[in-house]
Amino acid sequence: MARRERVAATGSPVDLVERSQVMDADDLRRAVVRIAHEVLERNHGLEGVVIVGLQTGGAPLARRLAAALAEIEGVEVPTGTLDVAFYRDDIRLRPVVPEAATDIPFEVTDRIVVLVDDVLFTGRTVRAALDALTDHGRPRAVQLAVMVDRGHRELPIRPDYVGKNLPTGRHQMVDVGAEGVDLGTVAPGPGPGPGGGGG
Amino acid sequence: MSIGPHLLSVADLGPEGIAEVLEVTDSFVEVSAREIPKVPALRGRTVATVFFEDSTRTRLSFETAARRLSADVANLSVGTSSVAKGESVRDTVQTIDAMGVDALVVRHRSAGVPHQVSAWVSAAVVNAGDGAHEHPTQALLDCYTLRARRGSLKGARILVVGDVAHSRVARSNVWAFDALGAEVCLVAPPTLLPPSLQGWPVRVSHDLDAELGDADVVYLLRLQRERQVGALLPSVREYTRGFGLTRDRARRLGPDALVLHPGPMNRGVEIAAEVAEGPASVITEQVANGVAVRMAVLFLLLGAAG
């Protein structure tokens, strides 16, 4: 999956068969704007709010969310990225490769951290992210924003902001890109197995 | 995965493997810069440093790297161990392996020992220096340091100066620099060059002064005084006069030229004290990056292997 994410991050599409688009670029833009409004409403503004995108799928969404907030409120929200590779609980079960170095150039202690990821699946990536975040400080609160909640949680984790609830099969794959969200099945052949699209 | 199951030589690693290690090292530089420079990635794993030849700094660097990954660390030194009582290398490493360690970091004064050890144990083996053969993590940390400073090594003119013949650092670095597209020139008196340089991707010069002006990087090798003086060199002073990076020579370097040394330095011999502390020197960055590079190597061998 790490490889797949690296490929996805460089812009080449994931090799999916029976691919169908479930959100187009406009849907995606509207969802980001709606989530921005929800973040503002829930936190009564942006006082103390920072945004942290999970590498790699959450990073571009975090930037888009920050841009939407800047447009609505005229405030630049501190935005960083977090790589959770070293905190995963499946390090011994499958190849885990860090995607890109964590970059959080601000304090998280006593801030409200909005974690952003593309797909929420088992919840294990978010669990790892909570551990990773703890190593950077003690946030006042952590909130979770995801573009797609595809179900199949294995841990007691739920999102605060959701772009789209999307029922999926365990072996399907969700691909969130700049042009929209696709659902499909991973093409057979060499490369990573099924079950990707967020953890 | 292009790296693993062992790290025995830069030559085995190849350009892709080198690129992979350098890319992953970025993440560990970030970890090392944190207030608490530690991640749980290798919790429950054990890394043993087995040094049949002493080297405080390399051992410390590996052990620091392992601890920052939350691995447990065991170490064995020749002076205090059963090796001093005549135990063979094979028995020593198989005993440690049987205790269930996940990685053995091996240094030995003979070339090829880590390679041999990798056939005897189930743990991942990391070569921490074998005779005059290779010292791969040194080359990786040097490449990382240069890449961090210059962005790329492509087309960089690198002088490797000094005792190439006895240097495992020179061997590993020449392969690594070449793999990343640098142009390497060995600068040394004929007595300190290997008898044959066939297959080495290098140019050779015996005149440091003639090469300095064009150099982007000057990589100084340690002169092993106890070994060379008398047999291979008339005197240490003679060596410094011809091949030492003195203050006067350092002034003739370009404004962006970098000076590296793998340590430990003989100040006043291969490098003047003022040059080692001067603006061109990245010697302390090499040491800091060494820990991050070794974290990357241990993580890729133990964590990313699945």
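Domain bounds are those of an automatic or database domain assignment. In the predicted model described here, that assignment divides chain B into domain 1 (10-135 + 287-303) and domain 2 (136-282). The C-alpha centres of domain 1 and domain 2 of chain B are separated by 25 Å. To the contact between them, domain 1 of chain B contributes 24 residues and domain 2 of chain B contributes 21 residues. On the domain 1 side of this contact, two or more residues come from each of α1, β4 (124-130) and α12 of chain B. The largest share of that side, 9 residues, belongs to α1(B). By residue class, the side of domain 1 of chain B that touches domain 2 of chain B comprises 11 nonpolar, 9 polar and 4 charged residues.

As a whole, chain B contains 12 helices and 9 strands. The C-alpha trace of chain B extends over about 55 × 45 × 35 Å along its principal axes. For 306 residues, a radius of gyration near 19 Å would be expected of a compact globule, and the value for chain B, 19 Å, agrees with this. Buried residues make up 46% of the 306 residues of chain B. Among contacts in chain B with a separation of 6 or more, 74% involve residues 24 or more positions apart.

Chain A has 4 helices and 8 strands, arranged along the sequence in the pattern α-β-α-β-α-β-β-α-β-β-β-β. Of its 199 residues, 42% count as buried. In chain A, residues 24 or more positions apart supply 71% of the contacts with a separation of 6 or more. Glu99(A) is situated in the loop between β3 (79-82) and β4 (112-120) of chain A. A residue is classed as buried when 20 or more other C-beta atoms lie within 10 Å of its own C-beta; Glu99(A) has 21 such neighbours and is therefore buried. Glu99(A) and Val84(A) stand 15 residues apart in sequence, with a C-alpha to C-alpha distance of 8.9 Å.

The contact between the two chains involves 15 residues of chain B and 13 residues of chain A. Helix α1 (residues 10-32) of chain B is the main contributor to the chain B side, giving 5 residues. The chain B side consists of 9 nonpolar, 3 polar and 3 charged residues.

In soluble globular proteins, nonpolar side chains tend to be buried together. The largest nonpolar core in the model has 149 residues, of which Leu65(A), Ala103(B), Leu104(B), Val160(B), Val161(B) and Leu298(B) touch the most other members. Helix α12 (residues 283-303) of chain B is the greatest contributor to this core, with 12 residues. At least three residues of the core come from each of domain 1 (10-135 + 287-303) and domain 2 (136-282) of chain B. Leaving aside residues up to four places away in sequence, Leu298(B) touches Leu42(B), Val47(B), Ala65(B), Ala66(B), Leu69(B) and Ala103(B).

Two of these residues, Ala65(B) and Ala66(B), are among the buried residues of α2(B), which also include Thr58(B), Ser61(B), Phe62(B), Glu63(B) and Arg68(B). The buried residues of α2(B) pack against α1, β1 (46-51), β2 (72-77), β3 (103-108), β4 and α12 of chain B. Helix α2 (residues 56-68) of chain B has 13 residues, for which a rise of 1.5 Å a residue predicts a span of 18 Å; the end C-alpha atoms are 18 Å apart, in agreement. After α2(B) comes Ser70(B), with a positive phi near 70°.

Helix α6 (residues 168-179) of chain B, with 12 residues, extends 17 Å from first to last C-alpha, close to the 16 Å expected at 1.5 Å a residue. Because 11 of the 12 residues of α6(B) are buried, this helix is largely enclosed by the rest of the structure. The buried residues of α6(B) include the charged residues Arg168(B) and Arg171(B) as well as Val169(B), Val174(B), Trp175(B) and Phe177(B). Gly181(B), which follows α6(B), has a positive phi near 90°.

Key
Residues numbered from 1 in each chain as written. Chains lettered and ligands numbered in written order. Predicted model: local features only at pLDDT ≥ 70, side-chain atom pairs only at ≥ 80, totals over all residues. Rg over C-alpha atoms; globule rule 2.2 N^0.38 Å. Contact = placed C-beta atoms within 7 Å. Core = buried A, V, L, I, M, F, W, Y, C linked by C-beta atoms within 7 Å. Expected span 1.5 Å × (residues − 1).
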